[in-house]
Amino acid sequence: MGKIGCMLAGAMLGAVYVFPGEAVQAAWEGLCVWGRTLVPSLGPGMALCLYICTHLRGNGRLLVPAAMLCASPGGARLMQEKKLRGRDAAHGIAVTGVMSPMFFLGAVSGWLGSEREGAAVYLCHIAAALLTGLCIKGRSKNEGKLQPIPFLQCVQQSIQALLNAGFILMFFSAAARMMALALPFLPQDMGVYLHCLLEVTGGTEKLCRLNVKPMLPIICFFTSFGGCSVLIQNHLFWQQSGIRIGQMAGIRLIHGLFSFVLCFFLENILFIG
């Protein structure tokens, strides 16, 4: 894996030197996406959730719903307080490794031009996460008591998580652009799918502009899988639980498949479309 990683890093570095303008433009676009979507949803929410959850009585029970509301990677940071291991950690990843409701109800709804469709995608996204959690059931029933964290420390940790997320998002936005330049023969829709697999936020924005079928289930799949960018952001926190990034990718793949099926059912049998 080390040799393969070095080869990929070398190819990325070479592409950046060959296409410096494109790399800078893609990184800037990633930074803009970070500022529009992650900063307003993750920054205040993570600091406040972390502070509230560690100071209230019975706080262990609040952590999972707060992590789902805070979303990736803030939810992973919150779950770090439970110090889960093994199957319990895998269950936590399955349930809380979701995207922000503000992302779906704000950004995705705007890109689709429909608040109803954005809400439906979010509903399938959350329901699929709960189904994935049922498939990977944890063993521990001990909710535990969390140690209080001072508010300023909560703010500092939120800022650090935001900076990590911003750099990773910029990196994979540039990587997606370099891949598109290296593979010009790919059809447009395949290029967008590749972008989603690397960096899901900007990829989803492009996906909403395509006339592909079935649109909503495909969006559900990619946003639930999360792409390399979200996987790495969450793994920065979950790695202390002994979870490998390959395991996380498998859990997110199950989540994506459940989400696709639920949204396909909702779109074709119930009320959307």
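In this predicted model, the side chains of Arg36 and Glu205 come together in a salt bridge, with 3.6 Å from N to O. Arg36 belongs to helix α2 and Glu205 to helix α10 (residues 200–207), so this pair ties together parts of the chain that are 169 residues apart in sequence. The two partners differ in their surroundings: Arg36 is partly exposed, because its relative accessible area is 48%, whereas Glu205 has a relative accessible area of 17% and is therefore buried. For Glu205, the cut-off that matters is 20%, since buried means a relative accessible area under that value.

Glu205 also has a second partner. Its side chain meets that of Arg209 in a salt bridge of 3.3 Å, again taken from N to O. Arg209 counts as exposed, because its relative accessible area is 62% and the exposed class begins over 50%. The buried Glu205 thus meets the partly exposed Arg36 as well as the exposed Arg209.

Helix α2 takes part in another long-range link. Glu29 forms a salt bridge with Arg177, and the closest N and O atoms of the two are 2.7 Å apart. Here, too, distant parts of the chain are joined: Glu29 sits in helix α2 (residues 20–55) and Arg177 in helix α8 (residues 151–182), with their positions 148 residues apart in sequence. Glu29 is partly exposed, because its relative accessibility is 32%, while Arg177, at a relative accessible area of 17%, is buried. The pair does not stand alone, as Glu22, Glu29 and Arg177 are linked in a network of salt bridges. A search of the whole structure gives five salt bridges, including the one between Glu29 and Arg177.

Turning to charge in general, the protein chain carries 20 positive and 11 negative side chains. The centres of these two sets lie 13 Å apart.

A loop residue adds a further local detail. Ser100 is found in the loop between α5 (86–96) and α6 (101–112). With a relative accessibility of 10%, Ser100 counts as buried. Leaving aside residues up to four places away in sequence, Ser100 touches Ser41 and Ala71.

These details sit within a helical chain. The protein chain has 13 helices and zero strands, so the pattern along the sequence reads α-α-α-α-α-α-α-α-α-α-α-α-α, in which strands, numbered as DSSP runs, do not appear. Along its principal axes, the C-alpha trace spans about 55 × 45 × 35 Å. For 273 residues, a compact globule would be expected to have a radius of gyration near 19 Å, and the 18 Å of the protein chain agrees with this.

The packing can also be described through burial and contacts. Of the 273 residues, 50% count as buried. Among contacts with a separation of 6 or more, residues 24 or more positions apart account for 77%. The exposed area of the protein chain is about 13,500 Å², and carbon and sulfur atoms supply 68% of it.

How values were computed
Residues are numbered from 1 along each chain as its sequence is written. This is a predicted model: local features need pLDDT of at least 70, side-chain atom pairs count only at pLDDT 80 or more; totals for chains, interfaces and linings use all residues. Side-chain values use heavy atoms; hydrogens and water are left out. Helices (H or I, at least four residues) and strands (E, at least two) are DSSP runs, numbered from the N terminus. The radius of gyration is taken over C-alpha atoms; the globule rule is 2.2 Å times the number of residues to the power 0.38. Buried means under 20% relative accessible area, exposed over 50%, partly exposed in between (1.4 Å probe, protein chains only). Contact means heavy atoms within 4.5 Å. Accessible areas come from the Shrake-Rupley method with a 1.4 Å probe; for residues, only the protein chains shown count as cover. Lys and Arg count as positive and Asp and Glu as negative; His and the chain ends are not counted. The place of a charge is taken as NZ of Lys, CZ of Arg, CG of Asp or CD of Glu. A salt bridge is a side-chain nitrogen of Lys or Arg within 4 Å of a carboxyl oxygen of Asp or Glu.
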